[in-house]
Amino acid sequence: PVSPLPSPPFAACWRRRAMGEIVLAACAEGQGILATDLRSGALVASFEEAGAQPAAFGLIGASSGYLFAAQSKKALWQAWAWGDKKPCYRASLPERMTAMAFSADASLCFGGAASGSIYAWQMGTGCLLRCWPAHFREVTQLLVSPDGSFLISASADANVHVYNLADIFIDHTPKPFHSWSGHSLSVTSLALLPGNGLQQVVASASLDRSVRLWDIGTGQPILSRSLSAPVNSISVGPTGSEILCACKNGELRLVSANNRESEGDGLLIGHTGSVSSCALNVDGSQAASCSEADRVRIWDMRTRQCIAQAHTSRNVQVNSVQIVQRWVEPQPLPAFQPFQRLLTKPEEVRPIPLGVSGRLESLKQALEPRASSQAFLDRMVWAQVSGAGALEGASQELELRRAAAEAGQARWAATAAELYGALVEAGLDEQASAAMPAPKPRAPEPAAAAAAAAAAAAAADAAASDAAAQ
């Protein structure tokens with residue numbers, strides 16, 4: 001039976017701060033995964049019931065709190081919450097997976113099978129979005145570029161394919177964006193040099209004793225280096241100038257990515273058997289490697305000396321190592337669903353919420369550069385230097401407009417008062433007329449009074465004349 005993976009509640013935003021770097025060691029024959037602190041060498045956690053495939057274990061997504069592992073001998077994969085010994089989720093797979101990778105936001109899972117096929121699932125629904133025969137031999141490693149642009153696959157058929165991630169969900173049988181066949185034997189490991197989009201470089205290692213660099217933008221080979229032994233694993237530092245190679249003859253060799261000769265190479269001596277895996281930490285100051293004979297070694301890359309050994313007292317066989325960052329507040333994940341075996345059309349997949357930071361975090365990031373007092377002072381100084389005159393002219397214009405508006409408002413108020421008074425006098429507003437006192441009789445104007453007196457005198461004279469005539 002499939003048990004659902006418990007998912008933490010979705011958060012609007014979170015601070016993804018690394019608490020420390022952890023060395024994950026995948027052991028064979030169901031011996032689990034051991035987690036060791038890179039700085040102190042102390043065992044911090046162990047994850048049981050795992051016989052992990054070397055190229056199919058690690059963190060789910062870029063910064064989550066869950067680990068995953070595909071079983072090396074079964075068509076089964078499991079997940080563990082950080083700190084839990086027992087798996088909290090397990091599900092069956094269509095076939096045995098030899099490589100697995102997740103997108104940075106953990107929304108997509110890609111599985112490379114022993115048959116050479118590649119599967120693409122949506123994590124929130126479990127829908128199988130794509131399945132296609134990418135190689136004719138087993139897939140040895142899958143990589144998803146950090147910017148989510150490309151899926152890169154390597155195989156025992158000596159080929160390396162680069163797929164545009166968007167094209168995978170458009171074409172029923174995706175075709176590679178680039179296909180490189182420069183190796184003559186099985187490709188054992190892949191690594192991406194720092195970059196974005198088409199400005200990225202892929203490093204590939206092979207049992208043919210070579211390490212090759214490929215340009216994703218042009219599809220052309222950049223560099224080819226021949227070593228003294230077959231290469232099992234490679235890892236690239238933060239600058240991309242050096243490649244750490246784990247070789248079958250027990251050498252751990254640091255190869256320059258800029259020189260075709262071995263002049264700038266370095267050798268880390270200490271392993272007594274074939275070095276099966278290696279990993280550099282986030283700043284390139286330390287590295288971890290493993291072999292069947294002496295388990296895990298921690299190296300200081302400045303001095304190229306072994307500074308610690310891990311799990312030497314345990315009866316385990318370590319097949320692969322990774323260095324991951326443990327986060328203070330891990331990225332939340334959508335609830336996982338059982339992986340389906342039948343294809344689902346992408347347009348029929350229902351939308352699901354993703355564990356992303358959202359608009360609030362984006363707004364904070366956009367406002368953060370402008371929130372400091374220094375940024376405010378800089379903007380004020382810039383305004384004074386470049387636009388003070390323009391700002392002053394604009395303020396004067398606004399003041400004139402305000403005064404004109406106030407004068408117009410005063411004229412309209414006076415006109416309205418006069419009109420209302422006329423209405424009251426005309427008796428059109430009965431309530432106002434009743435409330436107002438009766439108007440006093442007006443005193444006659446002097447000119448009018450004189451005219452009236454003259455008219456009265458003239459009338460008297462006319463009357464006297466008429467009486468005399470009679």
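**Entry 1. The hairpin of β2 and β3**

I began with strands β2 and β3 (residues 43-47), which pair in the antiparallel sense over 4 bridges. The model I am reading is a predicted one. I looked for the residue that stands opposite Ala35, and found Ala45 in β3. Between the two strands of this hairpin there are 5 residues, and Gly41 takes a positive phi near 80°. I then checked how well β2 is covered. The strand runs over residues 33-37, and 4 of its 5 residues are buried.

**Entry 2. A salt bridge to the hairpin loop**

Next I turned to charged side chains. Side chains of opposite charge can pair when their charged atoms come close. I noted that the structure holds 10 salt bridges. One of them joins Glu21 and Arg39, with the closest N and O atoms 3.4 Å apart. Glu21 lies in strand β1 (residues 18-27) and Arg39 in the loop between β2 and β3, so this pair ties together parts that are 18 residues apart in sequence.

Are the two partners buried or exposed? Glu21 has a relative accessible area of 10%, which is under the 20% limit, so I wrote it down as buried. Arg39 has 54% relative accessibility, which is over 50%, so I entered Arg39 as exposed.

**Entry 3. Strands β6 and β7**

I moved on to β7, which covers residues 89-92 and has side chains that alternate. Tyr89 and Ala91 point to one face and are buried. Arg90 and Ser92 point to the other face and are not buried. The pairing of β7 with strand β6 (residues 76-81) is antiparallel and has 4 bridges. In this pairing, Gln78 stands opposite Arg90.

**Entry 4. What Arg90 meets**

Which side chain meets Arg90 in a salt bridge? I found Glu49, at 2.9 Å from N to O. The pair links distant parts of the chain, with Arg90 in strand β7 and Glu49 in the loop between β3 and β4 (52-59), 41 residues apart. Arg90 has a relative accessible area of 29%, and I recorded it as partly exposed. Glu49, at 36% relative accessibility, also counts as partly exposed.

**Entry 5. A pair within helix α3**

I looked up another salt bridge, that of Arg402 with Glu406. Their closest N and O atoms are 2.6 Å apart. How are the two placed in helix α3? They are 4 residues apart, so about one helical turn separates them. Arg402 is partly exposed, with a relative accessible area of 39%. Glu406 is partly exposed too, with 44%. I then went back to the earlier salt bridges and noted that those sharing partners join Glu48, Glu49, Lys86 and Arg90 into one network.

**Entry 6. Aromatic rings**

A pair of aromatic rings is described by the distance of the centres and the angle of the planes. I counted rings as a pair if their centres lie within 6.5 Å. By this rule the count is 11 aromatic pairs. Which residues do ring pairs link into a cluster? I listed Phe68, Trp77, Tyr89, Phe102, Tyr119, Trp121 and Phe339. Tyr89 was already in my notes as a buried residue of β7.

**Entry 7. Gln200**

I found Gln200 in strand β17 (residues 199-206). Its relative accessibility is 1%, so it counts as buried. What lies 2.8 Å from a polar atom of the Gln200 side chain? I found the backbone oxygen of Gly197 there.

**Entry 8. A nonpolar patch on the surface**

I then looked at the surface. Tyr420, Leu423 and Leu428 make a nonpolar patch of about 330 Å². Leu428 sits in the loop between α3 (373-425) and α4 (430-435). With a relative accessible area of 65%, Leu428 is exposed.

**Entry 9. Thr312**

My last look-up was Thr312, in the loop between β27 (305-310) and β28 (318-327). Thr312 is partly exposed, at 48% relative accessible area. I also checked it against Ala293, which is 19 residues away along the chain. The C-alpha atoms of the two are separated by 9.4 Å.

Note on methods:
Residues are numbered from 1 along each chain as its sequence is written. This is a predicted model: local features need pLDDT of at least 70, side-chain atom pairs count only at pLDDT 80 or more; totals for chains, interfaces and linings use all residues. Side-chain values use heavy atoms; hydrogens and water are left out. Rings of Phe, Tyr and Trp (its six-membered ring) pair if their centres lie within 6.5 Å; planes under 30 degrees apart count as stacked, over 60 as edge-to-face and the rest as tilted. Buried means under 20% relative accessible area, exposed over 50%, partly exposed in between (1.4 Å probe, protein chains only). Two strands pair if DSSP finds at least two bridges between them. Patches are made of residues with over 30% relative accessible area and no salt bridge: like charges are joined within 9 Å, nonpolar side chains (Val, Leu, Ile, Met, Phe, Trp, Tyr) within 5 Å. Accessible areas come from the Shrake-Rupley method with a 1.4 Å probe; for residues, only the protein chains shown count as cover. A salt bridge is a side-chain nitrogen of Lys or Arg within 4 Å of a carboxyl oxygen of Asp or Glu. A polar contact is a pair of N or O atoms within 3.5 Å; within protein, one must be able to donate a hydrogen and the other to accept it, and residues adjacent in sequence count only if both atoms are side-chain atoms.
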